[in-house]
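Please write a brisk report on this structure for someone who has not seen it before. Cover helix packing, cavities, buried sites and unusual backbone geometry.

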Amino acid sequence: MDGQDLVRSLRAVGSANGLRSVRAGWRRHRTDARGLPRQRAERARVPGSAQGTEPLPGGGVVRFARSDLRVRVAVGGAVFCGWGGAGPEPSYALAGCPEADGRAVIEPDKDGWRVVSERVTVLVSRHGAVEFRTPGGLLLRRDLPPRWWDPLETDRAEGGSPAGGSRWVQRSETAADGAVFGLGGRASGPLLREGVYRLWNTDPGEAFGPDDDPLYITMPVQLVVADAGSHLVFHDNPWDGRVALRDGEEGAGSGHDRPGGCELRVDGGPLRYWVLTGTPARILAGWTALTGRPALPPRWALGYQHSRWGFGTADEVRRVAAGYRDRGLPLSALHLDIDHLDGHRVFSVDKERFPDLPGLARELGQDGVRLVSIIDPAVKEEPGDPVYDSGTAADAFVRDARGQKVQGVVWPGEAVYPDFTDPRVRKWWGGFYAERLAQGFSGVWHDMNEPVSFTPFGETTLPRSARHSLEGRGGDHREAHNVYALSMARAGYEGLRELRPDVRPFLFSRSGWAGMQRYGGTWSGDVSSGWPGLRASLSLVLGLGLCGVPYSGPDVGGFDGEPSAELYLRWFQMAAYFPFFRTHSSITAGRREPWEFGPEVLEHAGAALRERERLLPYLYTLAHMARRTGAPYVRPLWWNHPGDRKLRGCEDAFQVGDALLVAPVLEQGSNLRSLRLPRGRWYDTSTGKAHLGPGQVLLDAPLGRIPVLARAGAVLPVAGAGGGTELEVWAPATGRTGGGLLVTDEGDGWAEPRVERFTTRVEDGEVVVEREGSQKVGYPVRVRGVV
């Protein structure tokens with residue numbers, strides 16, 4: 001405890017929960033002092049010189065003096081590397097281990113061995129360096145021999161290698177021009193600058209901005225974009241770690257480039273990783289094939305949603321819903337925070353303030369508004385509470401090294417935590433979602449699941465020595481922490497699937513890890529209510545999409561404070577193009593309903609809402625494509641042009657699919673937007689003016705709108721005035737063609753969707769639209785732009 005922690009502790013004593021949190025902090029400290037292994041004298045190790053090889057399907061094993069390296073090319077092109085006997089499974093990230101590509105074999109090379117596949121060549125040196133090169137021989141990544149630390153009394157026979165639980169470090173080199181993205185949800189991205197990034201899911205404890213790191217979702221996933229090609233590397237290890245990035249420097253033609261650098265230090269667990277190469281689209285397709293395709297949200301979840309911590313009563317919920325209805329503003333869902341619970345207890349309802357929650361749900365449902373419930377993992381430690389009693393009987397809660405239940409402090413007070421790394425506990429927890437469905441909720445929102453335990457000093461989570469099942473293997477919180485929320489999401493998703501097998505679950509989670517997209521999406525968490533928070537929101541959505549989590553969005557207006565009318569409107573206009581579109585705020589913050597900011601903001605926010613509704617067929621098509629291919633709805637401008645270096649540094653604009661380009665206003669008082677355009681012709685959707693890229697343009701951005709451009713030749717499915725689907729076609733450039741997709745289904749359930757493909761071309765000065773496989777287009781067509 002430092003001086004700052006001591007001051008926070010003294011302040012916390014003034015409230016009941018504050019005093020409990022101080023006690024919980026000391027309890028966590030004592031638990032770890034007893035339960036963590038004592039630090040012993042160590043010695044550094046390196047693999048040593050190579051001793052030989054053993055061919056295996058897809059590659060083989062290279063044996064070194066003090067470790068071994070397994071290289072395995074999977075069907076689809078992903079390459080697995082595992083040191084010290086580490087294999088691809090067991091893994092929380094993988095949706096299933098892909099088969100080995102039998103065409104890839106290990107063979108001698110001039111300085112070691114090589115494994116050649118269709119998409120990448122892997123070179124292993126005699127001292128343990130590993131290179132990944134394009135089929136043409138261009139270097140993408142070079143991993144230097146790893147280094148790890150073993151207790152002095154450990155020898156190789158006892159597992160003295162990175163797979164034996166030692167802490168380890170791996171240094172890597174990438175192209176001098178390489179740009180790095182990923183590492184989960186980072187508020188300072190999406191382009192990751194030189195610096196150190198921690199891999200430990202963390203509740204910052206207060207509203208955050210671009211300088212705060214780490215946040216709720218960290219992932220050891222890096223997407224590197226360079227002239228030579230793009231690649232993704234994923235270190236499949238959930239232990240606490242740090243990534244130190246170093247920018248490369250080009251030698252200005254001298255040939256003396258300084259490569260980009262990455263140093264990954266991890267406190268334990270296996271040294272194993274996957275590498276995928278290709279275009280960004282191909283990489284994300286391979287990544288989500290490996291870790292699971294993104295869950296498809298029900299269609300209503302792409303509509304606008306409103307939330308507030310502090311609705312307080314059912315009458316207030318009705319009043320807010322009526323406010324949207326009476327003003328003609330589309331509303332898809334209302335979210336109930338912890339204030340609707342009985343004493344903040346999970347799976348409960350405050351009957352005084354919400355006497356008939358199922359009736360309220362039915363009432364709102366008549367206007368097409370659904371209810372979404374918050375669910376926290378912590379269970380109040382109180383005999384008589386049905387969840388606590390049931391969990392105690394099922395032995396479902398995390399215990400310490402002495403077998404005692406681990407206690408923390410959260411909103412309901414003293415609490416215990418389910419061990420979601422135990423399949424039996426996941427099944428038990430998933431059954432409680434029946435209570436939420438019976439109350440009329442249509443979706444769930446997982447919060448506080450890093451997991452959090454309040455404390456004024458130290459880490460706000462469980463003791464690192466807390467014991468977990470880890471699928472029966474056994475281990476402690478050092479390994480389980482980062483996958484805790486992922487396992488909770490799995491419990492909720494599988495529980496909802498079993499309870500309502502014909503309905504697609506709607507679930508989003510504040511925390512998670514690699515593979516979380518299998519179960520749903522996420523949101524920004526408690527982003528600060530300021531212009532820096534607005535910019536951080538965009539960084540998070542773009543960065544998470546590049547890690548395979550396409551469905552996300554921020555708290556519009558920020559979580560804390562009272563945004564100005566201008567800030568709120570600019571946030572609202574930007575978020576209207578994000579997959580998850582929700583206003584939300586703290587119980588101590590200002591309201592977030594559009595009419596609370598005056599008639600001008602109401603008018604312009606209403607226009608943004610109506611445009612969102614008009615684009616729903618397009619957004620729903622993107623949702624289906626994300627499910628099929630892993631491509632995020634919201635993409636960086638370099639997505640289709642990774643070789644354009646100027647686009648790699650463009651962090652203040654984004655594409656929605658391939659058809660739309662959005663340039664939000666991120667600065668106070670600005671009514672102009674400077675924008676770097678990707679290659680091609682782009683139309684301003686407001687004025688119809690055409691702009692030619694690549695190049696810089698200056699666009700008008702009055703308070704009433706932000707610049708949105710459409711790609712020439714694009715076919716956008718949109719909602720027509722009568723509610724049916726229409727095709728908005730933007731004229732192709734002369735001599736060019738274009739096209740688009742429309743994917744439709746019933747909006748929920750699991751039936752196979754209908755996919756329709758359209759093409760556009762110019763013939764005799766007219767724009768011609770055709771549907772693949774049919775002589776009729778089948779939809780009203782509206783052509784925009786100049787031929």
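Two helices count as roughly parallel when the angle between them is under 35 degrees. This model is predicted. In it, helix α4 (residues 314-326) and helix α5 (residues 357-365) pack at about 5°, their axes 11 Å apart. That angle is under 35 degrees, so α4 and α5 are roughly parallel to each other.

**Helix pairs**

Which residues bring α4 and α5 together? On the α4 side they are A314, V317, R318 and A321. On the α5 side they are L360, E363 and L364. By class, this contact has 5 nonpolar and 2 charged residues, with no polar ones.

A second pair is helix α13 (residues 599-614) and helix α14 (residues 616-629). Their axes come within 5 Å and cross at roughly 55°. The two helices are therefore oblique to each other. R612, E613 and R614 of α13 make the contact with L616, P617 and L619 of α14. By class, the contact has 3 nonpolar and 3 charged residues, and no polar ones.

**A covered helix**

Helix α12 spans residues 565-575. How many of its 11 residues are buried? The count is 10, and the helix is mostly covered. The buried residues are E566, L567, Y568, L569, R570, W571, F572, Q573, M574 and A575. The cover over them includes two helices, α11 and α13. It also includes the strands β31 (555-556), β32 (582-583) and β34 (654-656).

One α12 residue, W571, is buried and is also in contact with S528. S528 sits in the loop between β30 (521-522) and α11 (531-546). Is S528 buried or exposed? Its relative accessible area is 16%. The cut-off for buried is under 20%, so S528 counts as buried. Its neighbours within four places in sequence are left aside here. Beyond them, S528 touches A207, F208, G209, G533, G558, D560 and W571.

**Cavities**

The structure holds 9 cavities of 30 Å³ or more. The largest has about 90 Å³ of space. Its lining has 15 residues. Closest to its centre are G185, W523, S524, L540 and L544. Helix α11 gives the largest share of this lining, with 4 residues. By class, the lining divides into 8 nonpolar, 6 polar and 1 charged.

The second largest cavity has about 70 Å³ of space. Which residues line the second largest cavity? They are A295, L296, P297, P505, F506, L507, Y519, G520, G521 and Y551. By class, they divide into 8 nonpolar and 2 polar, with no charged residues.

The table sets the two cavities side by side.

| Cavity | Space | Lining by class |
|---|---|---|
| Largest cavity | About 90 Å³ | 8 nonpolar, 6 polar, 1 charged residues |
| Second largest cavity | About 70 Å³ | 8 nonpolar, 2 polar, no charged residues |

**Cis peptide bonds**

Now the backbone. The peptide bond from E89 to P90 is cis, with omega near 5°. Where is P90 found? It is in the loop between β5 (79-83) and β6 (106-109).

D213 and P214 are also joined by a cis peptide bond. Omega there is about 0°. P214 has its place in the loop between β14 (195-199) and β15 (218-226).

**Positive phi**

L470 is a residue other than glycine, and its phi is positive, near 50°. It lies in the loop between β27 (467-468) and β28 (475-476). With a relative accessible area of 0%, L470 is buried.

D764 is not a glycine, and it has a positive phi of about 55°. Its loop runs between β42 (754-763) and β43 (766-771). Is D764 buried or exposed? Its relative accessible area is 76%. Exposed means over 50%, so D764 is exposed.

Technical notes: Residues are numbered from 1 along each chain as its sequence is written. This is a predicted model: local features need pLDDT of at least 70, side-chain atom pairs count only at pLDDT 80 or more; totals for chains, interfaces and linings use all residues. Side-chain values use heavy atoms; hydrogens and water are left out. Axes are lines fitted to C-alpha atoms, for helices over the stretch in contact, and angles run from 0 to 180 degrees between N-to-C directions. Angles under 35 degrees count as roughly parallel, over 145 as roughly antiparallel, 65 to 115 as roughly perpendicular and the rest as oblique. Contact means heavy atoms within 4.5 Å. Ala, Val, Leu, Ile, Met, Phe, Trp, Tyr, Cys and Pro count as nonpolar, Asp, Glu, Lys and Arg as charged, and the others, Gly among them, as polar. Buried means under 20% relative accessible area, exposed over 50%, partly exposed in between (1.4 Å probe, protein chains only). On a 1 Å grid over the protein atoms alone, a cavity is a set of points where a 1.4 Å probe fits but cannot get out, and a pocket is an open set with protein on both sides within 12 Å along at least five of seven lines; lining residues have an atom within 4 Å of a point. Grid points are joined across faces, edges and corners, and a volume is the space filled by probe spheres set on the points.
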